[in-house]
Amino acid sequence: MNNIIKQIEASRLKGDLPGVKIGDTVDVKSKIIEGGKERLQSFKGVVIGMKNTGVNKMVKVRKISFGVGVEKTFLLHSPLVASVAVMKSEKPRRAKLYYLRKRIGKSALAV
Amino acid sequence: MIGLIGKKIGMTTVFDHSGNTVAVTVVKSGPCVVTDIKTSGKNGYNSLQLGFEEKKKSRLIKPEKAKFEKLKINVPMHIKEFRLNQGADEFKIGQFLTLEIFEKDAFIDVQAVSKGKGFQGVMKKYGFKGGPDTHGSNFHRRLGSAGNNTFPGRIWKNKKMPGRMGNAVKTVQNLKIIEIDKQNNIILLKGSVPGPTNGIVFLKKAAKQRLK
């Protein structure tokens, strides 16, 4: 990549991101602006996919909400992502954990 | 309309103040040296001729060497003329123009030579629909009928046909300036710009200012 673009991107990266890995159970707090007010929304789930390309570093988090699978993609360097905390770590054997989508019940979030 | 010559560096993503991602093109532009000033009195029209980047000394040819030695300017690599609406009294030959002429959040037009695509058919070049791929069709990516029979008895002029695509001067209008780094001569424009990386682009203030 061109040096100038590297510099532009480097100045926008967050320096204090935790080392999120695939299979981690994370708690992502994102800023939500409603009616002029700002609040934090928490999203807890398993990281089933990642992209590690500079500013576009993103995680795909999956959780089961009221029996329904929900997935959300977060751009970790976005100013809208307030914090990321790793709650639990697992060692999966795949780069993408899309097989979890087929699972039902207790095993749905067991990596 | 006063403008600048620049170089396309590439594209990246930035976040705007509300956290949305914006795809931007990075352009390195200026300082551009004024190499000639044309006036309506002398030349019949007003314009500024600008130069961008220096030519290697070993690559100079005698005429340009002599011409620019007289003006006391290093020979520029790229030269482009920008038409002005009024006279160019405030400019001097040898003066440098930088990104100071643009402001953040303003709109500009970008002109450049698009990437050459070679000889292409009508589907890629003009977006013709073509025919069905299956169900026994013998008509796939051709242009279909090219005209009528007795009248006019020939093919109309400007009929869209296969041929060379790209490698033509294209102008993209109303690109928003997301950021200007005046010290490092770098400008970030919302959206894409014609041409390859390291291609030469011309930046001008928007001719048709978009309403905010």
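In the predicted model, the contact between the two chains draws on 13 residues of chain A and 15 residues of chain B. About 1200 Å² is buried between chain A and chain B. Carbon and sulfur atoms give 69% of that area. On the side of chain A, the greatest losses of area to chain B fall on A:Ile4, A:Ile5 and A:Arg12. Together these residues account for 41% of what the chain A side buries.

Polar and charged pairing across the interface was also counted. Between chain A and chain B there is 1 salt bridge. Its partners are A:Arg12 and B:Glu179. Their closest N and O atoms lie 2.8 Å apart. A:Arg12 thus appears twice in this account: it is one of the residues of chain A that lose the most area to chain B, and it forms the salt bridge with B:Glu179. Residue pairs in polar contact between the chains number 3, with both residues of each pair at pLDDT 80 or more.

Helix α1 of chain A, residues 3–10, supplies the largest share of the side that touches chain B. Its contribution is 4 residues. By class, that side of chain A comprises 7 nonpolar, 4 polar and 2 charged residues.

Chain B is divided into two domains. Domain 1 is made up of residues 3–116 and 168–205. Domain 2 covers residues 117–165. Taken over C-alpha atoms, the centres of domain 1 and domain 2 of chain B are separated by 39 Å. B:Glu179, the salt-bridge partner of A:Arg12, falls in the 168–205 segment of domain 1.

Note on methods. Residues numbered from 1 in each chain as written. Chains lettered and ligands numbered in written order. Predicted model: local features only at pLDDT ≥ 70, side-chain atom pairs only at ≥ 80, totals over all residues. Heavy atoms only, no water. Domains from an automatic or database assignment. Contact = heavy atoms within 4.5 Å. Buried area = accessible area lost by both parts, 1.4 Å probe. Salt bridge = Lys/Arg side-chain N within 4 Å of Asp/Glu carboxyl O. Polar contact = N/O pair within 3.5 Å; in protein donor to acceptor, adjacent residues only side chain to side chain. Helix = DSSP H or I, 4+ residues; strand = E, 2+ residues; numbered from the N terminus. Nonpolar A, V, L, I, M, F, W, Y, C, P; charged D, E, K, R; others polar.
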